[in-house]
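Work through the exercises below with the model open. Try each task before reading its solution.

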Amino acid sequence: MDRADAELQYKMATSLDKLLRPIEADLRYKMFLNQLEIQRIDAVATQNAKLADAIARARERIIVLEKK
């Protein structure tokens with residue numbers, strides 16, 4: 001899911017809202033918010049994965065350095 005998909009959902013929701021189609025607008029607003037949440041979770045997971053590798057390497061270096 002990319003940012004463009006979320007923006008499209010929002011634009012569709014506002015259009016449906018203006019067309020007085022509240023049920024469909026509600027669904028699109030919810031899809032927009034869900035896509036943003038998915039993007040946030042993915043960003044956090046990606047960052048944590050990068051940190052996990054750094055943490056493991058730091059621990060390895062500490063062991064090596066303490067043995068010297």
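**Exercise 1. Charges**

Count the positive and negative side chains of this predicted model, and give the separation of their centres.

Solution. The chain carries 13 positive side chains. Its negative side chains number 11. The centres of the two sets lie 6 Å apart.

**Exercise 2. Overall form**

Compare the radius of gyration of the chain with that of a compact globule.

Solution. Start with the reference: for 68 residues, a compact globule would have a radius near 11 Å. The chain has 21 Å. Next, take the C-alpha trace, which spans about 75 × 15 × 10 Å along its principal axes. Then assign secondary structure: the chain has 2 helices and 0 strands. Last, check burial and surface. Of the 68 residues, 13% count as buried. The accessible surface comes to about 5800 Å², with 61% belonging to carbon and sulfur atoms.

**Exercise 3. An aromatic pair**

Classify the ring pair of tyrosine 10 and phenylalanine 32, and say which helices it ties together.

Solution. A search of the whole structure gives 2 aromatic pairs. In the pair of tyrosine 10 and phenylalanine 32, the ring centres are 5.1 Å apart and the planes stand at 50°. Stacked needs under 30 degrees and edge-to-face over 60, so this pair is tilted. Now locate the partners. Tyrosine 10 sits in helix H1 (residues 3–18). Phenylalanine 32 sits in helix H2 (residues 22–67). The pair therefore ties together parts 22 residues apart in sequence.

**Exercise 4. Exposure and cluster**

Decide whether tyrosine 10 and phenylalanine 32 are buried or partly exposed, and name the members of the aromatic cluster.

Solution. Buried means under 20% relative accessible area. Phenylalanine 32 has 17%, so it is buried. Tyrosine 10 has 40%, so it is partly exposed. Together with Tyr29, Tyr10 and Phe32 form one aromatic cluster.

Definitions and conventions:
Residues are numbered from 1 along each chain as its sequence is written. This is a predicted model: local features need pLDDT of at least 70, side-chain atom pairs count only at pLDDT 80 or more; totals for chains, interfaces and linings use all residues. Side-chain values use heavy atoms; hydrogens and water are left out. Helices (H or I, at least four residues) and strands (E, at least two) are DSSP runs, numbered from the N terminus. The radius of gyration is taken over C-alpha atoms; the globule rule is 2.2 Å times the number of residues to the power 0.38. Buried means under 20% relative accessible area, exposed over 50%, partly exposed in between (1.4 Å probe, protein chains only). Accessible areas come from the Shrake-Rupley method with a 1.4 Å probe; for residues, only the protein chains shown count as cover. Lys and Arg count as positive and Asp and Glu as negative; His and the chain ends are not counted. The place of a charge is taken as NZ of Lys, CZ of Arg, CG of Asp or CD of Glu. Rings of Phe, Tyr and Trp (its six-membered ring) pair if their centres lie within 6.5 Å; planes under 30 degrees apart count as stacked, over 60 as edge-to-face and the rest as tilted.
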